[in-house]
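I sat down with this one to see what could be read from the coordinates. My notes follow in the order I looked things up.

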Amino acid sequence: MEIITAHTNTDLDALASMVAAQKLYPEAVLVFPGKLSRNVEEFMSLHKDIFEIKDIKSIPLNRVQRLILVDTKNPRRIGKLAEILQNKALEIHIYDHHPWAEGDVRGSVEVVESVGATVTLLVENIRRRSLTISPLEATIFALGIYGDTGSLLFTSTTPRDVQAVAYLLENGANLSVVAEFLGRPMTDEQKALLRQLLMSAERHVINGCKVLIARASCPEFVVGLAMLTHTISEIERLDVIFTVVHMEDRVHIVGRSNVSEVNVAEILAPFMGGGHPGAASATVKKGDINEIAEKIVRIMQEKVRPPLAAADIMSAPVKTVFPETTIAEANQVMMRYGHTGLPVVQGLEVVGVISRRDVEKAHRHGLGHAPVKGFMTTNVITVGPNMPVSELRELMIENDIGRVPVVQEGRLLGIVSRTDVLKTLHHAEVKKPVKTVYVSPIRPQLNVSEYLRKGLAPETWDLLQTAGELAEELGYQLYAAGGVVRDLLIGYGNLDIDLVVEGDGITFARTLGHQIGVKVRTHEKFGTAELVFKDGFKIDVATARVEYYEYPAALPRVETSSIRQDLYRRDFTINAMAVALNTERFGELIDFFGGREDLQFGQIRVLYNLSFIEDPTRILRAVRFEQRYGMNIEPQTLNLLKEAVRQNMLDRVSRERIWDELYHIMLEPAAGKMLARLNSLQIWPQVFPGVTYWEVQPVLNNLHQAIEMLEEWDCPLPAEQWLPYMIAILHWSDEETALQICRRYNLNKRQTEKILVTLDRWGDVLSEVWRTPEEGNLGQLAQSIMSLPRESYPLLLAVLDEEWMHQRLRRILTAIEYNKPRLDGKYIRQLGIKPGPIYRQALQALWQARLDNRVTSEEEEKQFLKQFLGLASTD
């Protein structure tokens, strides 16, 4: 038996080296010698089913014939496994990047070389042998190299580590996964030193540069000062960091610079230091940390030149428009001067920014007469003239803005655009700035395959994997997109699966349908298809497409496109995410627009300013998602929604599309809250004209609870579960208003009759139930309620606010449900009676007799009907 192991407190390099070693020793068993570092534990929690790694307890140590040690050769660091070193016949192979030390184990194979990470040595060996590695293996190996070299930033990094990473990237290493799990654990000594450095940190502003100098003293040498300096740099986000630490008999200095104006190698040259402009270090024997820190400040005051500021790169004077300026006028200004955006000012104050893209869309939709205030971005971020360009650049990235007004004492001085910043970043004229409809901050990729596995039924999980494999074969890219991604991320049940294909969606659907044996319906015009399973389950398949609107509220026209454009056409950021399903990328979250972040912060956000203009039904959808998930409509989105409502944009949408949204609202458990929100946003009068919300509010607030109560009483729920809400909305209306609403939304004759019957009868029925004594009149009360459609029962219960009336209604409804006659019109026909009104009269009388307990069996029902119909008894 042969085993592969590393050191206790196994880190990422050790884990990667173990997996890489198994490529060289395929018969060997992977064994963890003890505890794992935190980031390895996190990695294994998701990948434990992929890699079979055993613990010491499950290994018969007396049977081990070969030991492969990686990332260590110190017997004290392999825990209980050190016992097998007593076996003189044991064969030992060593792969390590640490220098030899006293007491180290020796082996028959020793690959010990000075590189940044042990796994680099093993990757080189794998490459020489031309062994195949999978993308997952390449990712793990890269994780080990990045973990032990500080993402190739530590001074221990060698060209061989970089070459190994390049080879791994060629073989499919996923850097987003590396970024997700990377996190170098600190020793207790490093943590203590980091705390001391942070507590002592002094901040200076030297010629416009923000500088931090941290000092500390340690009786013993602590490794990793460069890593700690890098950590402080990431925490503080300043221009320049210097750490000055007295350890043993020396003072160690490490410098990091994030700006071109400061060359830390030049600053540390008087201390006999070395490095490059962005990173340098020095060691001073028997120095004083305070004197050294003061000297660094003096040198910087001489060497550092003031950084570029906003005033140095801004454009001035600035063309502006007013909130009342029309879209057409703003468009003329932009075209005349070639601007991509304009500040909107009220007096001297900047109140908004309008972009060329928003102006062009509004103009194209015939809204040239509308004022820009309805389409401008009001969350305006301004800066002062002395803000360094480095800070300005970060501000634009973090807030995803393309232009920033420069303001001093409330007066607009100029404006800085992306192009202005890019010129300073690349030290050259940017001839063709990249034009994108949305730029989001760079985020590490997240793999959510575990969310899929836990949130989907096993057969659906298997189906998605099969679909991904098929897409791979066809050369397509396949994604699950939209609502299913949103709901899986927040743990909300969702059985609706939408697949998006970068390729031919219809060909893919037909091939998959044939492979798994299900029916396929296609829609050639839209490039979509539907997989229909025998149990009624459906999966929609669409070709990645981009939609554009010829005029406001129009149905979209469709063209084939990429997944990014497909997602950009969607309503809100939380619905504009996808998950890759191809085998090599399975589970990779695609989130261009910050949907996951908006989910975390509970925000409903549109992707662009004219979203509600292009598709006003999104107004209703925003309310539905907000109330369903307990979120908030983001302030800028809320302003855009209110402006679309103010312009009566819903009047431009077909009644069928509005009804589709209202229908889905009335199926929601939070329908009452959604309808209340429609009222608070002034949407109610546009969708239910002539209906006063405050008259029906009490019933709508209680209706869902009433429906749940009826379900608890085992009363059958209506087949059309939206209809009780429509009845409740119209129950105080006059017949003409109710008819107009029913016609407006094209309700059929039967649905309309149920609403009108309820309008006419519910008050009288409720009064009768309220006032009539129950004793001896249960049948009469039941007949009264039965004159109403079943869909009106929740209305009755929602109106009643006293417990005793709830219980009375429960007894009546129970009597109705469990005292139904067993006989029907078929029996009357058997008696030779011709069909006519007599059927209804006879059956109604029979039901009354059952309710009054005058008839209790089927035989008594037969006798009752014969007597009622005037037929002689056959007994």
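**Entry 1: two loops with positive phi**

I started with Ser130, which is exposed, with a relative accessible area of 63%. Keep in mind that this is a predicted model. I found Ser130 in the loop between α3 (118–128) and α4 (135–149). Its phi is near 60°, a positive value in a residue other than glycine.

I then looked up Gln682, where phi is near 65°, again positive in a residue other than glycine. Gln682 sits in the loop between α26 and α27 (684–687). I get a relative accessible area of 52% for Gln682, so this residue goes down as exposed, the cut-off being over 50%.

**Entry 2: the whole chain**

I stepped back to the overall picture. I count 37 helices and 27 strands in the chain. Of its 875 residues, 52% count as buried.

How does the radius of gyration of the chain stand against a compact globule of 875 residues? The globule would be near 29 Å, but the chain has 37 Å. The C-alpha trace spans about 120 × 85 × 55 Å along the principal axes.

**Entry 3: two distance checks**

I picked Gln647, in the loop between α24 (635–646) and α25 (655–666). Is Gln647 buried or exposed? I have Gln647 at 18% relative accessibility, and under 20% means buried, so buried it is. From Gln647 I took the C-alpha distance to Asn62, and the two are separated by 82 Å. Along the chain, Gln647 and Asn62 are 585 residues apart.

For a second pair I went to Leu452 in helix α16 (residues 449–455). Leu452 is buried, with a relative accessible area of 4%. The C-alpha atoms of Leu452 and Val485 are separated by 8.5 Å, and along the chain the two residues are 33 apart.

**Entry 4: salt bridges**

The structure holds 32 salt bridges, and I followed up a few of them.

I took Arg569 and Asp566 to begin with: they form a salt bridge, with the closest N and O atoms 3.3 Å apart. I checked the cover on both partners. Arg569 is buried at a relative accessible area of 14%, and Asp566 counts as buried at 0% relative accessibility.

Next came Arg621 with Asp571, a salt bridge whose closest N and O atoms are 3.1 Å apart. Where do the two partners sit? Arg621 is in helix α23 (residues 617–629), while Asp571 is in the loop between α20 (563–568) and β24 (578–580). That pair links distant parts of the chain, 50 residues apart. I noted Arg621 as buried at 15% relative accessibility, and Asp571 as buried with a relative accessible area of 8%.

I then looked at Glu626 and Arg677, whose side chains meet in a salt bridge of 2.8 Å, N to O. This pair too links distant parts of the chain, with Glu626 in helix α23 and Arg677 in helix α26 (residues 671–680), 51 residues apart. Glu626 counts as buried because its relative accessibility is 4%.

Last on this page, I traced a network of salt bridges. Its members are Asp571, Asp615, Arg618, Arg621, Arg624, Arg628, Arg657, Glu661 and Glu668. The Arg621 and Asp571 I had just looked up are both among them.

**Entry 5: a negative patch**

I turned to charge on the surface. Which residues form the negative surface patch? I list Asp734, Glu735, Glu736, Asp760 and Asp764. Helices α30 (735–744) and α31 (749–771) each supply at least two residues of the patch.

I singled out Glu736, which is placed in helix α30. At 43% relative accessibility, Glu736 falls between the buried limit of 20% and the exposed limit of 50%, so I logged it as partly exposed.

**Recap**

For my own reference, I keep two items from these pages. Helix α23 holds Glu626, which pairs with Arg677 in helix α26. The negative patch draws at least two residues from each of α30 and α31.

Technical notes:
Residues numbered from 1 in each chain as written. Predicted model: local features only at pLDDT ≥ 70, side-chain atom pairs only at ≥ 80, totals over all residues. Heavy atoms only, no water. Patch = residues over 30% accessible without salt bridge, like charges linked within 9 Å, V, L, I, M, F, W, Y side chains within 5 Å. Areas by Shrake-Rupley, 256 points an atom, 1.4 Å probe, with all protein chains shown as cover. Salt bridge = Lys/Arg side-chain N within 4 Å of Asp/Glu carboxyl O. Lys, Arg positive; Asp, Glu negative; His and termini not counted. Charge placed at Lys NZ, Arg CZ, Asp CG, Glu CD. Helix = DSSP H or I, 4+ residues; strand = E, 2+ residues; numbered from the N terminus. Buried < 20%, exposed > 50% of the residue type's maximum accessible area, 1.4 Å probe, protein only. Rg over C-alpha atoms; globule rule 2.2 N^0.38 Å.
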